[in-house]
Amino acid sequence: PWRAMAAKCKLTYFNARGRAELPRLIFAYAGVEFVDERLDRDQFAERKASGAFMFGSVPVLEVDGKQLAQSLAIARYVARQNGLVPADDFRAAQCDMWVDYVGDAAAKVVPLIFEQDQEKKTAGFKAFFTEFFGGWCATWAKALEANATGYIVGDSMTWADLAVFNFLSSIKSVGIQGGFDTVPPSLKAHHERVGSHPNIKKYIDARAVTPF
């Protein structure tokens, strides 16, 4: 069932998954209502020129009239508010570590998504999958198998699980040969487990279809 946080939240971004999708997934998993404001480029430019955004960029989260910027700060706040950051400080730091590890991979992929030269894009994805992605996935798989709970940290869902789910969903949507098909079985099983959660499935089934 949907519930409301004590604070009313509005998340502002473009009509894309991008840097706002992790906090959206956290809200969805927790069953929390929020305003999902999606701007087109003209609306963003107008709002930016008016000084509406703290750092001149999106996403931003408005909480009871106060603004929070930076996508991971937003995601971490929403996760903490909804029980997806462990109370134990070391486990919380482990979650930060894994989310940062997702960021390492995303930093390699995002420029390729926006690459206009098709030959460069294809070559870049090929290099990503052959030189980086296999080892990255193997590290996740090894940690999942060692933890043996079905989750990456502790014995329940954290925002780190949602972060890797979100990234692998993007890899899957790219649809390039040698991508999601090469993910190890334990990591694929994790992806399916997160994606089959009723609240996550409901959100994904209803969300806007966007290229990235």
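Is C9 buried or exposed? C9 is buried, at a relative accessible area of 6%, where buried means under 20%, exposed over 50% and partly exposed anything in between, computed with a 1.4 Å probe on protein chains only. Before going on, note that this is a predicted model, so local features need pLDDT of at least 70 and side-chain atom pairs pLDDT 80 or more, while totals for chains, interfaces and linings use all residues. Residues are numbered from 1 along each chain as its sequence is written, and side-chain values use heavy atoms, with hydrogens and water left out.

Let's stay with the cysteines for a moment. The structure holds 0 disulfides, a disulfide being a pair of cysteine sulfur atoms within 2.5 Å. C95 is in no disulfide, and its nearest cysteine sulfur, on C137, sits 19 Å away. C95 is buried too, at 0% relative accessibility.

Now for the sheet. It is an open one, with 4 strands in the order 2-1-3-4 and mixed pairing. Strand 2 and strand 4 (66-69) are the edges, each pairing on one side only, and neighbouring strands are turned by 20 degrees against each other on average, direction ignored. Strands here are DSSP E runs of at least two residues and helices are H or I runs of at least four, numbered from the N terminus; two strands pair if DSSP finds at least two bridges between them.

Strand 1 (residues 9-14) runs parallel to strand 2 (residues 35-39) over 5 bridges, and L11 has D36 as its bridge partner. Strand 3 (residues 60-63) pairs with strand 4 in the antiparallel sense over 4 bridges, with L61 opposite L68. Helix 1 (residues 21-30) lies across strand 1, strand 2 and strand 3, at about 145 degrees to strand 1; angles are taken between N-to-C directions on a scale from 0 to 180 degrees, using axes fitted to C-alpha atoms, for helices over the stretch in contact.

Further along, helix 7 (residues 185-195) has buried residues including L187, H190 and V194. Among the elements covering the buried residues of helix 7 are helix 5 (118-147), helix 6 (159-174) and helix 8 (198-206).

Finally, the largest nonpolar core has 65 residues, meaning buried Ala, Val, Leu, Ile, Met, Phe, Trp, Tyr and Cys joined through side-chain atoms within 4.5 Å. I26 and W159 are among those with the most contacts inside it. Leaving aside neighbours within four places in sequence, W159 is in contact (heavy atoms within 4.5 Å) with residues including I26, L72 and C95.
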